[in-house]
Amino acid sequence: MGGWDLHTHSDLSDGVTTIEQNVADAIAAGLDGLGVTDHDTTAPFDRAIAAADGTGLEIICGTEFSAELRGTSVHVLGYWIDPANAPLQEELDRLFNERERRAVEIVRKFNEDCDIPVSIERVRELAGESPIARPHIARAVVETGAASEISEVFDTWLADDGPAYVPKYAVDPVRAVELLIGAGGVAVVAHPGLYGARTGDALDEATIEAMAAAGMAGIEADHPEHTDEHREQFRRLAAGLDLVVTAGSDYHGGARDRSLGEVTTSRAAVEALRERRPTA
């Protein structure tokens with residue numbers, strides 16, 4: 001297959017496969033490299049590097065940083081970040097703690113406002129050692145029989161305007177870019193075609209332009225859920241803003257999910273990103 005899948009998740013955030021499984025699957029698929037981008041954490045780095053040691057698979061350590069703009073989540077991928085960078089880790093720790101508070105409030109809404117008996121204890125069990133994320137809550141809702149699959153839970157209750165939605169603490173996208181660059185990384189806006197009340201609206205171009213002005217290096221134009229129109233729009237925008245076009249499967253594992261390596265980034269694009277890493 002070849003190429004780099006620059007957007008993947010494990011059970012250290014909201015995926016269902018281990019880091020070691022993802023590395024093994026990437027090797028089996030013939031990928032050149034794997035982006036390790038669990039949400040708001042650097043926990044997978046050492047395990048991913050150890051799992052790929054001696055295999056020829058390049059591990060690009062990163063995170064999918066949760067920012068927010070006017071009540072809508074905006075995710076920013078950061079690659080080659082320094083996990084010891086204090087300002088970034090302070091924000092990641094704050095986001096981790098916020099996830100717990102938010103989960104408790106979402107579960108309360110399901111119980112009191114939606115009449116769905118979700119248990120916060122079960123949500124914590126599903127999350128295990130990873131930060132609690134909305135997919136963990138959605139899995140608990142499916143277990144109650146109120147929905148047949150996770151996507152239905154999001155569409156009906158957990159989307160940004162849904163009856164169980166709870167706003168969260170988050171920095172804005174421009175600050176997210178600054179934090180990732182400050183940690184020695186490069187920033188790429190994730191799936192820019194999938195924002196809005198029902199994740200069907202594209203991120204506005206003015207926001208992307210502001211992120212580029214802050215030093216953002218790339219745009220994830222190739223995502224499995226992007227339409228052809230989205231891909232064309234973001235390639236055009238990338239050309240105008242001198243951004244690197246990237247691709248990632250946004251792999252989470254499980255029956256609902258797309259395949260690891262479904263879309264990949266070229267060697268030339270990876271090298272172009274690498275060249276934009278901040279100099280000391």
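1. Tyr-79 is buried, at a relative accessible area of 1%. In this predicted model, the ring of Tyr-79 pairs with that of Trp-80. The ring centres are 6.3 Å apart and the planes meet at 65 degrees, so the pair is edge-to-face. The cut-off for that label is an angle over 60 degrees.

2. Trp-80 deserves its own entry. Trp-80 is buried too, with a relative accessible area of 12%. Its place is the loop between β4 and α3. Its phi is positive, about 60 degrees, although Trp-80 is not a glycine.

3. How many aromatic pairs does the count come to? It comes to two. Besides Tyr-79 and Trp-80, there are Phe-110 and Trp-157, with ring centres 6.0 Å apart and planes at 65 degrees, so this pair is edge-to-face. The Phe-110 and Trp-157 pair links distant parts of the chain. Phe-110 belongs to helix α3 and Trp-157 to helix α6 (residues 150-158), 47 residues apart. Phe-110 is buried, with a relative accessible area of 0%. Trp-157 counts as buried at 12%.

4. Now the cores. The largest nonpolar core has 58 residues. Which residues have the most contacts inside it? They are Ile-59, Phe-65, Tyr-79 and Leu-273. Strand β3 (residues 58-69) gives the largest share of this core, six residues. Apart from it lies another core, of 23 residues. Among the residues of that other core are Ile-106, Leu-126, Ala-147 and Val-166. As background, nonpolar side chains in soluble globular proteins tend to be buried together.

5. Leu-273 repays a look at its contacts. Leaving out residues up to four places away in sequence, Leu-273 touches Leu-6, Tyr-79, Trp-80, Val-186, Val-188, Ala-217, Val-244 and Thr-246. Both members of one aromatic pair, Tyr-79 and Trp-80, are thus on the contact list of Leu-273.

6. Helix α4 covers residues 120-127, and its buried residues are Ile-120, Val-123, Leu-126 and Ala-127. Why do they lie on the same side of α4? They cover an arc of only 115 degrees around the axis, which puts them there. The general reason is that an α-helix has 3.6 residues a turn, so residues three or four places apart point the same way. The cover over the buried residues of α4 includes α3 (86-112) and α5 (134-144). Leu-126 ties this helix to the core of 23 residues. Gly-128 follows α4, with a positive phi near 60 degrees.

7. Helix α8 (residues 205-213) can be read in the same manner. Its buried residues are Thr-207, Ile-208, Met-211 and Ala-212. Their arc around the axis is only 140 degrees, which puts them on the same side of α8. Which exposed residues does the face turned away from the buried side carry? That face has Ala-206 and Ala-213. The buried residues of α8 pack against β3, β4 (72-79), α7 (173-182), β5 (186-189), β6 (218-222) and α9 (228-241). Just after α8, Gly-215 takes a positive phi of about 115 degrees.

8. His-191 is another backbone point to check. Its phi is positive, about 25 degrees, although His-191 is not a glycine. His-191 sits in the loop between β5 and α8. At 8% relative accessibility, His-191 counts as buried.

9. Last, the chain as a whole. The chain has 10 helices and seven strands. Its radius of gyration is 18 Å, close to the 19 Å of the globule rule for 280 residues, so the chain is as compact as a globular protein of that length. The C-alpha trace spans about 50 × 40 × 40 Å along its principal axes. Of the 280 residues, 55% are buried. Among contacts with a separation of 6 or more, 71% come from residues 24 or more positions apart. The accessible surface is about 11,500 Å², with 48% of it belonging to carbon and sulfur atoms.

How values were computed
Residues numbered from 1 in each chain as written. Predicted model: local features only at pLDDT ≥ 70, side-chain atom pairs only at ≥ 80, totals over all residues. Heavy atoms only, no water. Buried < 20%, exposed > 50% of the residue type's maximum accessible area, 1.4 Å probe, protein only. Helix = DSSP H or I, 4+ residues; strand = E, 2+ residues; numbered from the N terminus. Arc of directions from axis to C-beta. Contact = heavy atoms within 4.5 Å. Core = buried A, V, L, I, M, F, W, Y, C linked by side-chain atoms within 4.5 Å. Rg over C-alpha atoms; globule rule 2.2 N^0.38 Å. Areas by Shrake-Rupley, 256 points an atom, 1.4 Å probe, with all protein chains shown as cover. Phe/Tyr/Trp six-rings, centres within 6.5 Å; stacked < 30°, edge-to-face > 60°.
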